Amino acid sequence: MAKAFFRLQKFLRRTQFLLFFLTAAYLMAGSLLLLQRTRLVIQQGSRGTSANPALQVLDGMAGIGIVDPRTLQNPRAGPRLLVGKDTLQELALDQRHSPRWLVSRNSELRQLRRRWFHRFISDQEPLQTAGFKAMKNTAEHQGTYVGCFSEDSRERTLKGAIFYDLRKMTVSHCQEACAERAYAYAGLAYGAECYCGNQLPATTSKPEECNSECKGEKGSVCGGVNRLSVYKVEELRTGARRRRNVIYRGCFRAPENLTDTFPASLIQPNLTVEMCSEFCSKKEFPLAVVRGQECYCGYPTGRFPLHDGADGQLCAEARNAASAAQGRYCRVYQTPVQDTRCTDRKFLTTKSKGFIALSSFPGAGNTWARHLIEHATGYYTGSYYFDGALYNKGFKGEKDHWRSRRTICVKTHESGKTEIEMFDSAILLIRNPYKSLMAEFNRKYAGHLGYAADRTWKSKEWPDFVNSYASWWASHVLDWLKYGKRLLIVHYEDLKQSLIPKLKEMVEFLNMTVTEDRLLCVENNRDGNFKRSGAKQKDFEPFTQEMKDLINRYILTVDEALRGRNFTGLPREYVPR
């Protein structure tokens with residue numbers, strides 16, 4: 001018996017050694033494979049291509065920071081979110097008080113994990129060539145290379161307009177974008193950022209300090225870290241297509257002291273709107289204010305918030321000399337110049353104590369809410385996913401790991417107990433499901449800013465989409481109501497209608513304080529780059545009666561759940577009557 005036991009013990013010892021050896025061999029093989037893949041990523045990145053094919057941006061997107069959504073259906077190839085009809089549980093009227101009939105989408109969303117590592121490696125290749133190569137390549141561009149300048153991100157000189165393009169930035173694209181807006185100078189930094197303005201930065205730097213290669217043009221220099229490669233583009237104005245679209249903001253009662261309210265002014269006989277707008281644009285102000293023969297330039301402020309408009313007839317009457325002398329009313333125009341008082345953003349200097357989510361159903365305006373929060377607080381927002389198109393638009397938090405706690409809040413479409421309980425608190429953004437479904441369908445088939453083609457709406461894709469996504473809209477809200485620890489409910493429609501009060505509420509929830517002028521700047525830039533372009537859908541009803549019956553039941557269930565948690569119910573326009 002003892003002999004048999006000894007043999008068994010000897011065998012187990014050998015087996016243990018064998019398992020240890022196999023485990024070590026497996027780990028070594030995995031490490032070698034990882035090193036090989038990393039080397040391949042770097043090699044591919046040096047050729048100007050992404051290591052991850054799913055993250056490549058199509059060549060057709062030559063815009064600066066504004067991607068043509070029709071050429072990019074999805075910024076990164078990932079698993080489809082559509083769930084088949086067989087997963088949709090039919091809602092019975094007697095089950096309206098229970099969410100068990102709602103289908104969870106967490107298994108699909110878990111597959112949308114970020115692949116930022118490959119992108120990070122391919123983008124960390126500093127150009128080792130000296131800055132004088134920028135002068136060598138100047139002949140290829142139409143502008144004149146001025147030099148390398150230091151730039152303080154807190155006090156930018158070239159601040160008339162700002163563009164980003166992580167994959168396609170070139171010197172020519174930046175010059176053309178600035179020339180189209182009639183700026184005199186174009187400056188490039190970090191290989192992917194473009195700044196426009198009419199004044200040169202004050203501090204020059206050594207040419208070799210501008211050493212970042214343009215992301216879309218090998219051999220060309222696009223600035224460096226806090227360094228700008230500046231080009232004079234004034235000679236491009238003649239041939240460039242100018243964007244001199246001046247927008248009429250309305251008729252307003254003039255402030256008591258216009259000279260104190262507005263930093264620049266001009267008195268000109270026979271003054272026209274074009275003359276005033278041109279003057280204010282050169283001074284880099286977003287507002288041109290016309291009162292009789294007087295032109296004033298400035299920003300929306302507490303003294304002049306542009307909230308209480310007057311009857312346009314009052315301004316029309318004030319155009320004659322007698323009324324203009326009284327100076328009671330003025331006409332306000334938006335110039336092509338961007339209001340840059342709230343465009344400076346950065347990562348948190350210390351890790352945030354609270355882990356806050358900005359949660360919504362897809363198509364509910366999450367990206368727009370991030371735009372508002374970033375410009376109001378001055379801090380980047382993060383994302384549970386990675387979207388290269390959004391990074392190109394300035395959302396640098398897209399590239400930061402979502403758990404870094406260096407961002408003010410984190411975008412997510414996740415639902416389910418585990419995913420929700422990771423966060424200490426959340427802003428839950430809710431939008432009318434009819435609008436959300438249409439917005440997400442447009443994004444899926446035409447990108448963030450496009451519209452799906454009519455034939456797509458009339459195909460079988462649309463009813464399949466509604467059947468799969470409608471229940472997700474409801475389950476997303478119900479899950480966050482059930483598992484969320486601390487919630488702020490924000491309805492998209494309320495945010496759109498009462499921007500500043502609702503944005504103040506969101507900022508306070510994030511434990512931040514902002515000035516009134518900064519909020520007015522956000523309001524002045526409220527749309528950012530997030531208005532859909534192209535032809536809108538024709539006047540047809542995309543929802544069948546069967547779809548409406550399904551969605552209406554979900555609306556009633558969510559409304560009841562919100563009221564059950566002592567939150568304000570859904571806006572009346574949601575609820576069927």
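**View 1. Surroundings of W462 in the predicted model.** With a relative accessible area of 2%, W462 is buried, and this tryptophan belongs to helix α15, which spans residues 461-483. The model is predicted. Buried residues account for 52% of the 577 residues in the protein.

**View 2. The aromatic pair of F441 and W462.** The structure contains 25 aromatic pairs. One of them joins F441 and W462 in an edge-to-face arrangement, with 5.0 Å from centre to centre and 70° between the planes. The pair links distant parts of the chain, 21 residues apart: F441 lies in helix α13 (residues 433-446), and W462 lies in helix α15. F441 has 0% relative accessibility and therefore counts as buried, since the cut-off is under 20%.

**View 3. The aromatic cluster that includes F441 and W462.** Ring pairs connect F361, Y434, F441, Y445, W457, W462, F465, Y469, W472 and F543 into a cluster.

**View 4. Charged side chains over aromatic rings.** R406 places its charged end over the ring of F347, at 4.1 Å from the ring centre. K396 is positioned over the face of Y190, with a distance of 5.5 Å to the centre of that ring.

**View 5. The protein as context for the close-ups.** The secondary structure consists of 19 helices and 18 strands. Among contacts with a separation of 6 or more, 77% are between residues 24 or more positions apart. The accessible surface amounts to about 28700 Å², and carbon and sulfur atoms contribute 51% of it.

Conventions. Residues are numbered from 1 along each chain as its sequence is written. This is a predicted model: local features need pLDDT of at least 70, side-chain atom pairs count only at pLDDT 80 or more; totals for chains, interfaces and linings use all residues. Side-chain values use heavy atoms; hydrogens and water are left out. Helices (H or I, at least four residues) and strands (E, at least two) are DSSP runs, numbered from the N terminus. Buried means under 20% relative accessible area, exposed over 50%, partly exposed in between (1.4 Å probe, protein chains only). Contact means heavy atoms within 4.5 Å. Accessible areas come from the Shrake-Rupley method with a 1.4 Å probe; for residues, only the protein chains shown count as cover. Rings of Phe, Tyr and Trp (its six-membered ring) pair if their centres lie within 6.5 Å; planes under 30 degrees apart count as stacked, over 60 as edge-to-face and the rest as tilted. A charge sits over a ring if NZ of Lys or CZ of Arg is within 6 Å of the ring centre and within 35 degrees of the ring normal.
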